[in-house]
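Open your viewer, keep the sequence panel handy, and follow along stop by stop. Each stop suggests a selection and says what you will find there.

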Amino acid sequence: HIFVSASTTPEISTKHVIYELHPLDGTMTNWSAPTPVTGSAFPAWTGLETGRVGAYDAYVVKRGGAYFMFHFDSVSSCIEVARSTNSLTGPYEPHGTGNWQGIGLY
């Protein structure tokens, strides 16, 4: 599985959304359609005036039947953790937010 953060319109002022894609066969020439990752764990779009575009740089770890997505939250300027017990694509709820690591911003 790969995760990409993208906007569906050419303007920079749109919200970036995390999408999941995966190969459909062993040749890796056929891929699934992008599926948006959902949930309340991701930042709301705050607008171009702040220069913030949402969540990106995501990766997922599965542990104990739950999915943990680490991603950069451009609103808090921190790496945050979201948790889903339903599926790889969510819905994700906040699990570690803000400066939960104690290392500061950026």
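Start with everything selected: of the 106 residues in the protein chain, 34% are buried, where buried means under 20% relative accessible area, exposed over 50%, and partly exposed in between (1.4 Å probe, protein chains only). Before going further, note that this is a predicted model, in which local features need pLDDT of at least 70 and side-chain atom pairs count only at pLDDT 80 or more, while totals for chains, interfaces and linings use all residues. Residues are numbered from 1 along each chain as its sequence is written, and side-chain values use heavy atoms, with hydrogens and water left out.

**The whole chain**

Switch to a cartoon view. The protein chain has zero helices and seven strands, with helices (H or I, at least four residues) and strands (E, at least two) taken as DSSP runs numbered from the N terminus. Now show the surface: the accessible area is about 6300 Å², and carbon and sulfur atoms account for 56% of that. These areas come from the Shrake-Rupley method with a 1.4 Å probe; for residues, only the protein chains shown count as cover.

**The three-stranded sheet**

Select residues 2-6, which are strand β1, and then residues 17-21, strand β2. β1 and β2 pair antiparallel over five bridges; two strands count as paired if DSSP finds at least two bridges between them. Look across the pair at F3, which stands opposite E20 in β2.

Add β3 to the view: the open sheet runs in the order β1-β2-β3, with antiparallel pairing. β1 and β3 (35-36) are the edge strands, each with a single partner, so one side of each has no neighbour in the sheet.

Next, pick I2, which belongs to β1. Is I2 buried or exposed? I2 is partly exposed, at a relative accessible area of 39%. Select V4, M28 and W31 along with I2 and you have a nonpolar surface patch whose members share about 340 Å² of accessible area. A patch here is made of residues with over 30% relative accessible area and no salt bridge: like charges are joined within 9 Å, and nonpolar side chains (Val, Leu, Ile, Met, Phe, Trp, Tyr) within 5 Å. A salt bridge means a side-chain nitrogen of Lys or Arg within 4 Å of a carboxyl oxygen of Asp or Glu.

Move on to S32, in the loop between β2 and β3. S32 is buried, with a relative accessible area of 12%. Setting aside neighbours within four places in sequence, which residues are in contact with S32? They are E20, L21, H22 and L24, with contact meaning heavy atoms within 4.5 Å.

**The four-stranded sheet**

Now bring up the open sheet with the order β4-β5-β6-β7, where the pairing is antiparallel. Its edges are β4 and β7 (93-96), each with a single partner strand, so one side of each is left without a neighbour in the sheet.

Select residues 78-84, strand β6, which three bridges join to β7. Across this pair, A82 stands opposite P94 in β7.

Zoom in on H71 in strand β5. H71 is buried, at a relative accessible area of 1%. Show what touches H71, not counting residues up to four places away in sequence, and you will find eleven labels to click through, including I18, F42, Y56, C78 and A82.

Finish at G64, in the loop between β4 (55-63) and β5 (66-73). G64 is exposed, with a relative accessible area of 82%. For a last distance label, join the C-alpha atoms of G64 and T85: they are 9.4 Å apart.
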